[in-house]
Amino acid sequence: MVPLDGPHVPEDRPGCVLCGRATYDPDKRGPAWVRAVASGRQVLVCPECQRERSGWADGLDRCASCGGTRLSAILGDVVCRDCGHTKGA
Ligand SMILES: [Zn+2]
Ligand SMILES: [Zn+2]
């Protein structure tokens, strides 16, 4: 046994960036989790926050080319999944 020093909360545990809800598989008929980027970091937004928080996308980074929020942070670059525009870190 390895002694534990307090509850272990992995920092990279995926969850909603707005409410902290852990990821789960959404209802196939409902909205999916949104993968986006905020302050250069990959984040997730749960279906509930998309529905209940009118300004849920306000804190997300936007593509400099098309203005979309469907971004992926990959190895320090931020890539737009809509138009393919890449922004270096
Ligand atoms: Zn949420
Ligand atoms: Zn774009």
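Which residue forms a salt bridge with Asp-82, and how far apart are the closest N and O atoms? The partner is Arg-70, and the closest N and O atoms are 2.7 Å apart. The legends below describe close-up views of a predicted model.

**View 1. Salt bridge between Asp-82 and Arg-70.** The closest N and O atoms of Asp-82 and Arg-70 are separated by 2.7 Å. Asp-82 sits in the loop between strand E4 (77–80) and strand E5 (86–87), and Arg-70 in the loop between helix H1 (47–52) and strand E3 (71–74), so the salt bridge ties together parts that are 12 residues apart in sequence. Asp-82 is partly exposed, with a relative accessible area of 46%. Arg-70 is also partly exposed, at 39% relative accessibility. Side chains of opposite charge can pair when their charged atoms come close.

**View 2. Salt bridge between Asp-27 and Arg-29.** The structure holds two salt bridges, and one of them joins Asp-27 to Arg-29. Here the closest N and O atoms lie 3.1 Å apart. Asp-27 counts as partly exposed because its relative accessibility is 45%. Arg-29, at 77% relative accessibility, counts as exposed.

**View 3. Zinc ion (ligand 1) and its four cysteine donors.** The SG atoms of Cys-16, Cys-19, Cys-46 and Cys-49 are the protein donors of this zinc ion, at 2.2 to 2.4 Å from it. The arrangement is tetrahedral because the four donor atoms subtend angles of 104 to 113 degrees around the zinc ion (ligand 1). Along the chain the donors of ligand 1 follow the spacing C-x2-C-x26-C-x2-C. Two of these donors, Cys-16 and Cys-46, link distant parts of the chain, 30 residues apart. Cys-16 belongs to the segment before strand E1 (34–38), whereas Cys-46 belongs to the loop between strand E2 (41–45) and H1. Cys-16 is buried, with a relative accessible area of 4%. Cys-46 counts as buried at 0% relative accessibility.

**View 4. Zinc ion (ligand 2) and its four cysteine donors.** For the zinc ion (ligand 2) the protein donors are the SG atoms of Cys-63, Cys-66, Cys-80 and Cys-83, lying 2.3 Å from the ion. Angles of 106 to 117 degrees between the four donor atoms make the arrangement around ligand 2 tetrahedral. The donor spacing along the chain is C-x2-C-x13-C-x2-C. Cys-66, in the loop between H1 and E3, and Cys-83, in the loop between E4 and E5, link distant parts of the chain that are 17 residues apart. Cys-66 is partly exposed, with a relative accessible area of 41%. Cys-83 counts as partly exposed at 40% relative accessibility.

**View 5. Surroundings of Asp-61, a buried acidic side chain without a salt bridge.** Asp-61 is found in the loop between H1 and E3. The nearest side chain of opposite charge is that of Lys-87, 4.6 Å away; a salt bridge requires the nitrogen and oxygen to be within 4 Å. The side chain of Asp-61 instead reaches a backbone atom, the nitrogen of Gly-40, at 2.9 Å. Leaving aside residues up to four places away in sequence, Asp-61 touches Val-37, Ala-38, Ser-39, Gly-40, Gly-68, Thr-69 and Leu-71. Gly-40 thus appears both in this list of contacts and as the residue whose backbone nitrogen is reached by the Asp-61 side chain.

Notes: Residues are numbered from 1 along each chain as its sequence is written. Chains are lettered from A and ligands numbered from 1 in the order in which they are written. This is a predicted model: local features need pLDDT of at least 70, side-chain atom pairs count only at pLDDT 80 or more; totals for chains, interfaces and linings use all residues. Side-chain values use heavy atoms; hydrogens and water are left out. Buried means under 20% relative accessible area, exposed over 50%, partly exposed in between (1.4 Å probe, protein chains only). Helices (H or I, at least four residues) and strands (E, at least two) are DSSP runs, numbered from the N terminus. Donors are N, O and S atoms within 2.8 Å of the metal (3.2 Å for Na, K and Ca); water is not among the atoms, so sites may look incomplete. Four donors count as tetrahedral if all angles lie between 85 and 135 degrees; four count as square planar and six as octahedral if opposite donors are over 155 degrees apart and all others between 65 and 115; anything else is irregular. Lys and Arg count as positive and Asp and Glu as negative; His and the chain ends are not counted. A polar contact is a pair of N or O atoms within 3.5 Å; within protein, one must be able to donate a hydrogen and the other to accept it, and residues adjacent in sequence count only if both atoms are side-chain atoms. Contact means heavy atoms within 4.5 Å.
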